[in-house]
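Trainee: Please choose one part of this predicted model and take me through it closely, following it outward into whatever surrounds it.

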Amino acid sequence: MAKEDLNIVFAVDHSGSMNEQDAGHIIPKMLQIFTDTMHGENIRIGYLAYNDKIVAQKTPIAVDQEDKRLALKQTIADAENRGETDIGLGLKEAYHLMDGCSGKKMVVLISDGETDLARSDTGRTEQDSEQDIDDIVQLCQAEGTPIVTVAFGRDYEGEEAALKRIADQTGGESYEADRPEELISILYDLFHTDFSYSVREIM
């Protein structure tokens, strides 16, 4: 019996504060390694980089195709860290990257801080961001789409509780990581425990 398609979108905080939390830009490298170690035509990975705007995005693609995998990795590598943080915007756009996708869906949200739009020129407020989060949580609850959250960095500034609530409400796991290298073990743990998809060994 064929496995059901799995669509996963990484929604990654690329606000300016990430330059301090991830000075070596290791998070993108870990996500590129993870992409390279997944295989199977039924696995599709997408990417959404956000700050207070959308920095870069890629709809889920089949990672068994080398040319598409390379294009995804380039999108991940090109995203820069700058600006403020709008978690609601990032989560909403990441979710909608899977519109039209069949099979299982999942969003992995990685952030080092709470929404902060005090210096943003977008015209959006923190209330707008919170409303987006509430709307997407309700959609995910209705269709059984988990949101996995990773509170990243040494100074979380209180976002653990907010991210954990998003995960809990949608049936996803919540994690904390203070080193980029920890993301690999988190991602592999997630796939080994929740899905029976193959992962290549890292050479």
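**A strand and its surroundings**

Mentor: Ile-8 stands opposite Ile-45 in S2, and that position is a convenient place to enter strand S1. Residue numbers start from 1 in each chain and follow the sequence as written, and side-chain values rest on heavy atoms, with hydrogens and water left out. Since the model is predicted, local features need pLDDT of at least 70 and side-chain atom pairs count only at pLDDT 80 or more, whereas totals for chains, interfaces and linings use all residues.

Strand S1 (residues 6-13) runs parallel to strand S2 (residues 43-50), and eight bridges join the two; strands here are DSSP runs of E with at least two residues, helices are runs of H or I with at least four, and both are numbered from the N terminus. Two strands are taken as paired if DSSP finds at least two bridges between them. Next to Ile-8, Val-9 has Gly-46 as its bridge partner in S2. S1 also pairs in the parallel sense with strand S4 (residues 104-111), over seven bridges, and there Ile-8 stands opposite Met-106. Ile-8 therefore has a residue opposite it in S2 and another in S4, an arrangement that fits the general rule that strands of a sheet pair through backbone hydrogen bonds, either parallel or antiparallel.

Eight of the eight residues of S1 are buried, so the strand is largely enclosed by the rest of the structure; buried means under 20% relative accessible area, exposed means over 50%, and partly exposed lies in between, with a 1.4 Å probe and protein chains only. Leu-6, Ile-8, Phe-10 and Val-12 point one way, while Asn-7, Val-9, Ala-11 and Asp-13 point the other way, and all are buried.

In the wider sheet, which is open and mixed in its pairing, the six strands follow the order S3-S2-S1-S4-S5-S6. Strand S3 (54-62) and strand S6 (174-177) stand at the edges with a single partner strand each, so one side of each is left without a neighbour in the sheet. Neighbouring strands are turned by 15° against each other on average, direction ignored. Helix H2 (residues 26-37) packs on this sheet, touching S1, S2 and strand S5 (147-152), and its direction makes about 170° with that of S1. Contact is counted for heavy atoms within 4.5 Å, and the angles, from 0 to 180 degrees, lie between N-to-C directions of lines fitted to C-alpha atoms, for helices over the stretch in contact.

Within S1, Phe-10 deserves its own look. Not counting residues up to four places away in sequence, Phe-10 touches Leu-31, Phe-34, Ile-45, Gly-46, Tyr-47, Leu-48, Val-108 and Leu-187. In the largest nonpolar core, which has 33 residues, Phe-10, Leu-31, Phe-34, Ile-45, Tyr-47 and Val-108 touch the most other members; such a core is a set of buried Ala, Val, Leu, Ile, Met, Phe, Trp, Tyr and Cys residues joined through side-chain atoms within 4.5 Å. Helix H7 (residues 182-194) gives this core its largest share, six residues. Apart from it lies another core, of 20 residues, among them Leu-48, Tyr-95, Met-98 and Ile-136.

Ile-136 leads to helix H5, whose buried residues are Ser-129, Asp-132, Ile-133, Ile-136, Val-137 and Cys-140. Seen down the axis of H5, these residues fall within an arc of 135°, so they line one face of the helix, the arc being that of the directions from the helix axis to the C-beta atoms. On the other side of H5, Gln-127, Gln-138 and Ala-142 are exposed.

The neighbour strand S2 leads in turn to helix H3, because the buried residues of H3 pack against H2, S2 and S3. Those buried residues are Arg-69, Leu-72, Lys-73, Thr-75 and Ile-76, and within an arc of 155° down the axis of H3 they line one face of the helix. The face turned away from that buried side carries the exposed residues Glu-66 and Asp-67.

For the setting as a whole, the protein has seven helices and six strands, and 51% of its 203 residues count as buried.
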